[in-house]
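Subject: Structure handover, with notes on fold and cysteines

Dear colleague,

As agreed, I am handing over the structure for you to look through. My notes come after it, and I would be glad if you read them with the coordinates open.

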Amino acid sequence: NNNNNNDKRASTTLFRFKWFVASRRGERGIDFSQGRFQTFGCSCFCRAGNITDKLRAKGLWDNTLIVFSSDNGGPALVGGPSFANNFPLRGSKGDDFEGGVRAGAFVTGGLVPAHRRGTQVEHSIHIADWWVTFCRLAGVADCTDNAEGVPGLDSVDVWPLLSGTNTSAPRVETVVHLLQVNGKISTAALINGDYKYVFGAQSGSGWHWGPEYPNSTKKVPATAPGCPNGCLYNVVEDPGEYHDLKESMPSVFSALEARAHALIPEIYQSDADGAKEGAACAAAMQNGFFVPWKK
């Protein structure tokens, strides 16, 4: 709250991450009725408005980029009274179908060119892309941040796409999820161009929802079969993932399946509790939150 310190910040690059926890409470057993959800939503936007008002008051708005994004699809089958409906997309939080991973997002701020405001981006952006995008907007020359024992970054600068200086797709391939158990892939999703490879049980939540959910007196069970033998979808023409193309396009399916297996050595996943990475746990305990710990 020190005004002098706040004034000094105006001459340097400032990054601020704000997590609106209230919007997640419904999946933790708290009443998530429509009225309460609307209240949570109003709270989020009102608090975001407080931030934008302060940026304008400090004369920082014209040089600000705000990214407002969800981290996943709605939790349709998570414990408690959470009946999120991701229709017309299939699945929910906890699986790799579009309803679980195609998250809503928008950007705003004075940095967005006037001719781009109110427009829509059709190309795919991965949440990891914000790393290099913010890094380069901050003027950092080298954003690789390589560390021994960790694969290189899979992050693409999407500012040229957002600003309109380049309207082509910034990435062709998107690794949605690759999880291996005992050296074998147990769950996977990989997008290349228009096509998406999905493998595994997908938490049993990969149902096709209707316009209304749950359409029953009790919650739908998490027993959806998923893709135990792999599936192939054209998520541009068929975003609801109704039509498995594995049999009609075997060469495309085989190519994406092989690519998923080839990518395994490039995947790195730390444990959230630091069980396998003592240094990660120590750094989190010292800072109060998870931070980069590989040097």
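What follows is a short account of the overall fold and then of the cysteines.

Please keep in mind that this is a predicted model, in which local features need pLDDT of at least 70 and side-chain atom pairs count only at pLDDT 80 or more, while totals for chains, interfaces and linings use all residues. Residues are numbered from 1 along each chain as its sequence is written, and side-chain values use heavy atoms, with hydrogens and water left out.

To begin with the fold, the protein chain contains seven helices and six strands, where helices (H or I, at least four residues) and strands (E, at least two) are DSSP runs numbered from the N terminus. Along the sequence these elements follow the order α-α-β-α-β-α-α-β-β-β-β-α-α. Of the contacts in the protein chain with a separation of 6 or more, 61% are between residues 24 or more positions apart, a contact being heavy atoms within 4.5 Å.

Turning to the surface, the protein chain has an accessible area of about 17,900 Å², and carbon and sulfur atoms contribute 54% of that; the areas come from the Shrake-Rupley method with a 1.4 Å probe, and for residues only the protein chains shown count as cover. Of the 295 residues in the protein chain, 33% are buried, where buried means under 20% relative accessible area, exposed over 50%, and partly exposed in between (1.4 Å probe, protein chains only).

As for the cysteines, a search of the whole structure gives two disulfides, a disulfide being a pair of cysteine sulfur atoms within 2.5 Å. In sequence order, the bonded cysteines of the protein chain pair as 1-2, 3-4.

One disulfide joins cysteine 135 to cysteine 143, with the sulfur atoms 2.2 Å apart, and its angle of -95 degrees about the S-S bond makes the link left-handed. Both cysteine 135 and cysteine 143 are buried.

In the other disulfide, cysteine 227 is bonded to cysteine 231 at a sulfur separation of 2.1 Å, and this link is left-handed as well, with -110 degrees about the S-S bond. Cysteine 227 is buried at a relative accessible area of 1%, and cysteine 231 is buried at 7%.

Two further cysteines deserve a note on accessibility: cysteine 44 counts as buried, at 7% relative accessibility, whereas cysteine 46 is partly exposed, with a relative accessible area of 43%.

With best regards
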